[in-house]
Amino acid sequence: MHIPYYSFEAQHKLIREPVLQAITEVFDAQWYILGKYLQKFEAAYADFSGTQYCVGVGNGFDALQIALKVLNIGPGDEVIVPSHTFMATWLAVSAGGAIIVPVEPDPITYNINPENIRAAITTRTKAIMPVHLYGQACNMDVIMQLAAEYNLLVIEDNAQAQGATFKGRLTGSFGQLNATSFYPIKNLGALGDAGALTTNNPELAEKARILRNYGSAEKYHHTEIGLNSRLDELQAAILSQKLLWLNKWNRERQDIAAQYYAELSNIPDLVLPAVAPGATHVYHIFMVRSSRRDALQNYLTAKGIGTALHYPIPPHRQEAYQHLGFAPEAFPIANTLAETGLSLPLWPGLDQEKVAYICSEIRHFFNQY
Ligand SMILES: *Cc1c(COP(=O)(O)O)cnc(C)c1O
């Protein structure tokens, strides 16, 4: 059996007709940037997120970058980020010139540990950037309480968790201004690059709208040093169609995860992801851990099963960040997750038979070696 790490096949079969129809409509409309398809998608995504406003931008990285700019976070300001995340979270802080303050995650949920946040707060701390990693909501109760106590801003990086909740409230609706990505394989993915900001604050939404379009609200009048980062009409129209499926596809991801939990339980040296009380998980990534990760990955590859590493090198060990002077062993939990984590196939349309095959091969590996 051949099972890729990720496949669009099943999803695309379901949405082929409406998506091609949407593409044709935009083609015929002859208006490609900042038009009615974007407005429609922004309204629909704000509604989905339980926020008042959504501002579409070019990608998730720009959404983070614009959020920091809108909130005036820059040189001299400290921003607390997870030590274990995709590089974009750190790079956005760097792009704005602020100071990265990494904080270790909880080794069980892989999400930023609020107790470590408290310990990292200084008089220069301006914001916390929690990442709902792999699709699980962070403990937003504690994070928002800490932020209130120390007068800090919160920018959620919701690139991996569209549709997840903490105590019933959707991720991307807690912080003052939040970012998400519609990179193709995200839970809600475009057919190209796209991203968005969500907020309940009309002034912040307006400023984000201006910044994404050259700092201009009125053509040729520039009130800010902006950038060019707009979600185009074609991607917006495609996203509007795919958004109709997001809840169903998230439930399907949860069903697949449930089968993994059931069929991979009680294997010594295989740690399954844990879901914290109050949080839901939409399984953007299903990462298991093992001290024999590399051997397991090689074994599964030989059996035709694709896997992935999220992420093999923690940000503090990246060449690009050597100037920050973090010792390689400075963030031991991030290091352990990088060394032991293995992401298993999980996508809408991955059927029970394939998941059963993956699980039986994993059991076989641990029985044999
Ligand atoms: C994907 C991702 C981003 C960046 O999104 P792009 O659209 O690729 O720029 C940011 N943060 C996290 C956690 C991500 O997974």
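Ala, Val, Leu, Ile, Met, Phe, Trp, Tyr, Cys and Pro count here as nonpolar, Asp, Glu, Lys and Arg as charged, and the others, Gly among them, as polar. By that scheme, the shell around the ligand holds six nonpolar, four polar and two charged residues.

This is a predicted model, in which local features need pLDDT of at least 70, side-chain atom pairs count only at pLDDT 80 or more, and totals for chains, interfaces and linings use all residues. Residues are numbered from 1 along each chain as its sequence is written, and side-chain values use heavy atoms, with hydrogens and water left out.

**The ligand site**

Residues around the ligand (a heavy atom within 4 Å of it) include Asn59, Gly60, Phe86, Tyr183 and Lys186. Three polar contacts (pairs of N or O atoms within 3.5 Å) are listed here.

| Residue | Protein atom | Ligand atom | Distance |
|---|---|---|---|
| Phe61 | polar backbone atom | oxygen | 2.9 Å |
| Asp157 | side-chain N or O | nitrogen | 2.7 Å |
| Lys186 | side-chain N or O | oxygen | 3.1 Å |

On its own, the ligand has 380 Å² of accessible area (Shrake-Rupley method, 1.4 Å probe). The protein covers 91% of that.

**Lys186**

An unreviewed UniProt entry annotates Lys186 as "modified residue: N6-(pyridoxal phosphate)lysine". Such annotations may be inferred rather than shown by experiment. Lys186 sits in the loop between β8 (178-181) and β9 (195-199); strands are DSSP runs of E, at least two residues, numbered from the N terminus. Lys186 counts as buried because its relative accessibility is 13%, and buried means under 20% relative accessible area (1.4 Å probe, protein chains only). Beyond neighbours within four places in sequence, Lys186 contacts (heavy atoms within 4.5 Å) Ala159, Gln162, Ser181 and His284.

How values were computed: Helix = DSSP H or I, 4+ residues; strand = E, 2+ residues; numbered from the N terminus. Buried < 20%, exposed > 50% of the residue type's maximum accessible area, 1.4 Å probe, protein only. Polar contact = N/O pair within 3.5 Å; in protein donor to acceptor, adjacent residues only side chain to side chain.
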